[in-house]
Each structure stands twice: as structure tokens, then as C-alpha cells.
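Visitor: Could you walk me through this one, sticking to helix packing and salt bridges?

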Amino acid sequence: MFRGAYTALITPFKNGKVDYPALDALVENQIAGGIDGLVPCGTTGESPTLTDKEHDDVIAFVVKIVNKRVWVIAGTGSNSTAEAIDRTRHAKESGADAALLVAPYYNKPNQRGLIAHFSAIADAVEIPQILYNIPGRSVININPETIAELSRHRNIVGVKEASGSLEQMIKIKALCSPDFDLISGDDTITLPVLSVGGVGVISVTSHLLPGETSSLVHRYLDGKPEESREIFYKYFDLVKAIMGADVNPTGIKTALALRGQIAEEYRLPLVPVTADVKEAIRKQLEKYDLLKVKTAAGSSR
């Protein structure tokens, strides 16, 4: 269902508020560049520091700008089940195609609690839902057996896997039906995830490489693994520089600011990267001829 590459959109800020003109331009740049879909209000969108109104407004805004040209998967997860239901319901009413639901963070539910949490959301809102497993941030892992049980729900159609464990992903594919989507949540292992049955990636570096990231996925799935590997290795240094810069989304926001697409602004407790890290990112952008934004026709803006 979610074959392809999806950009985990940053939320641009200016003077403390969401910069909607910059967000509009980012969305248009992604669609023109060949991305398969967009994911507003996820981790990369700094969702923990968005107000409830900002969260709802950003999703509605992206859905409106996209206007059904690509898929929109709205980040609607929370560590409060009731809040996640409300956000998911709003996303559906706004016209989002699906919802991305992160594992509850901080309160550390056990596996039975995870099943109850995700099942309650899936029961409450009739929209395709993707689980988001990222134990590095949420502290808990959604075990493969738990994912398999949840996958039986008609509304739970896939998982964004950011555990970093290929063994876990292999178990998920072994336990779930073939039509349950395994989606990479980490640009550095997209190719290995495809090799064990993944169908796509929710990407950060696709902000810079929408068409290339989409091609990486589709060429592999279309039976051209050599061409996919060529793309993966070509841009691996850039991916490592962005993802290893500090903590996501500071790396990608630094890159986009260097390209003039956004103001270099974050919500506390996130702070800008150091001067050394910023210079390292600038050098990578220069190396890959990405300091200037390309239009759909390939000319620099």
C-alpha cells in the first residue's frame, strides 16, 4: 500500500511561529522532485513542541497544498491514547490518507499495553494506520509478535521500523501477512530493509534528494537492485553527515537553511548545531552540488 519514498517533513519556524510560506514551498519542491508522499508532524517535524492547534493546522495545511497529488501520512501519535485518537480523527477529517502512530513514550507500557493502545486508536478511527517503532526515542520496543497481532486489525497496515535491528524486521516479515508493509525509518539502512522485504522509506534526507530517494526504492522493487545500490552508495556520505550531525532534525534543518529554504530556527530544547558541524554539512552539500535548490526543470533557483 505504501510502496515508495516518503519525506518526514520538517516544520519550518520563523520568529517562533510556523512558517507556512516556507512549508508551502517545501511541499511543492518535494512533489516537483518526484517524492511519493509526505509525512507532516512526525519526529522530524518537531511534533513534541507543536501546540495542539499547530499540530492540527500543519496537517490540514499540508493536505490542502498537496491536493491529492501524493500520499499524506499524518503523524498523530502520542503517549496518551485519548490524545492520539483525537489527532488521528482530525487527520482523517482533514483528508490525510493515513496516520503514523509512534509507540507511547515515557510511560513505558508493556506489550499488552501497546496492543491495547494501538487497538483503541484503530477501533476509533477508520483510516489506514502505520505503527512507528523507534525505541531509541520512545524507550520501548514494539516486539515482532506484538506487531503481528496488531497487523490483524483491518486498519493497521504497516510499520515504520527505526529500531535498527534487521533481525527484528525479518521476524516481522516472517510473522505478518505479505501485504503488511515494512517501511524503513532510517535512511542509513534503507537498502538492507528493502532486501529483507521492505517496501519503502520514510526519509529525512529526501528533503534534499526526493527523486533519488524514490528511485532508490522503486528500482530495487522493480527488479533492478544494482541500480538501487548505486544510488544508495553514491549518497551515503551525505546521509551520514545529515543523520549523524547531532540529533534529528537539526542536521536536515541546517542543510535546508544553508540552501535558503528555511530560517535556521528550532523549538527548545533543540538548539543549533555547532559551527564545525555546520561547516561539515555545508561541505557535503557542496560536494553533491546541493547548495542551490533545483527546480523541476533542473535549473538552479
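What follows is a short round of questions and answers.

Visitor: Before we start, what kind of model is this?
Guide: Local features here need pLDDT of at least 70, side-chain atom pairs count only at pLDDT 80 or more, and totals for chains, interfaces and linings use all residues, this being a predicted model. Residues are numbered from 1 along each chain as its sequence is written, and side-chain values use heavy atoms, with hydrogens and water left out.

Visitor: Let's go to helix H10. Which residues in it are buried?
Guide: Helices are DSSP runs (H or I, at least four residues), numbered from the N terminus, and H10 spans residues 225-234. Buried means under 20% relative accessible area, exposed over 50%, and partly exposed in between, with a 1.4 Å probe and protein chains only. On that scale, Glu-226, Glu-230, Tyr-233 and Lys-234 are exposed on the other side of H10. The buried ones are Ser-228, Ile-231 and Phe-232.

Visitor: How wide an arc do those buried residues cover around the axis?
Guide: An α-helix has 3.6 residues a turn, so residues three or four places apart point the same way. The arc is taken from the directions from the helix axis to the C-beta atoms. The buried residues sit on the same side of H10 because their arc is only 100°.

Visitor: Which helices do the buried residues of H10 pack against?
Guide: Contact means heavy atoms within 4.5 Å. In the case of H9, Glu-212, Ser-215, Leu-216, Arg-219 and Tyr-220 meet a set in H10 that includes Ser-228, Ile-231 and Phe-232. The full list of partners is helix H8 (190-195), helix H9 (210-221) and helix H11 (236-243).

Visitor: Are H9 and H10 roughly parallel or roughly antiparallel?
Guide: They pack at an angle of about 155°, with their axes 7 Å apart. Axes are lines fitted to C-alpha atoms, for helices over the stretch in contact, and angles run from 0 to 180 degrees between N-to-C directions. Under 35 degrees counts as roughly parallel, over 145 as roughly antiparallel, 65 to 115 as roughly perpendicular and the rest as oblique. So H9 and H10 come out as roughly antiparallel.

Visitor: On to charges. How many salt bridges does the whole structure have?
Guide: The criterion is a side-chain nitrogen of Lys or Arg within 4 Å of a carboxyl oxygen of Asp or Glu. Arg-87 and Asp-52 qualify, with their closest N and O atoms 3.8 Å apart. Searching the whole structure gives a count of 16.

Visitor: How far apart in sequence are the parts that Arg-87 and Asp-52 tie together?
Guide: Arg-87 is buried at 11% relative accessible area, whereas Asp-52 is exposed at 52%. Both belong to a salt-bridge network with Glu-83. Arg-87 lies in helix H3 (residues 81-94) and Asp-52 in helix H2 (residues 52-66), so the parts tied together are 35 residues apart.

Visitor: And within helix H13, which residue is three places from Arg-282 and in the same helix?
Guide: Arg-282 is partly exposed, with a relative accessible area of 25%. Its salt-bridge partner has its closest N and O atoms 2.7 Å away. The two are about one turn of the helix apart, and the partner is Glu-279.

Visitor: Last one: is Ser-138 buried or exposed?
Guide: Ser-138 lies in helix H5 (residues 135-138). Not counting residues up to four places away in sequence, Ser-138 touches Ala-103, Pro-104, Tyr-105 and Tyr-106. With a relative accessibility of 1%, Ser-138 is buried.
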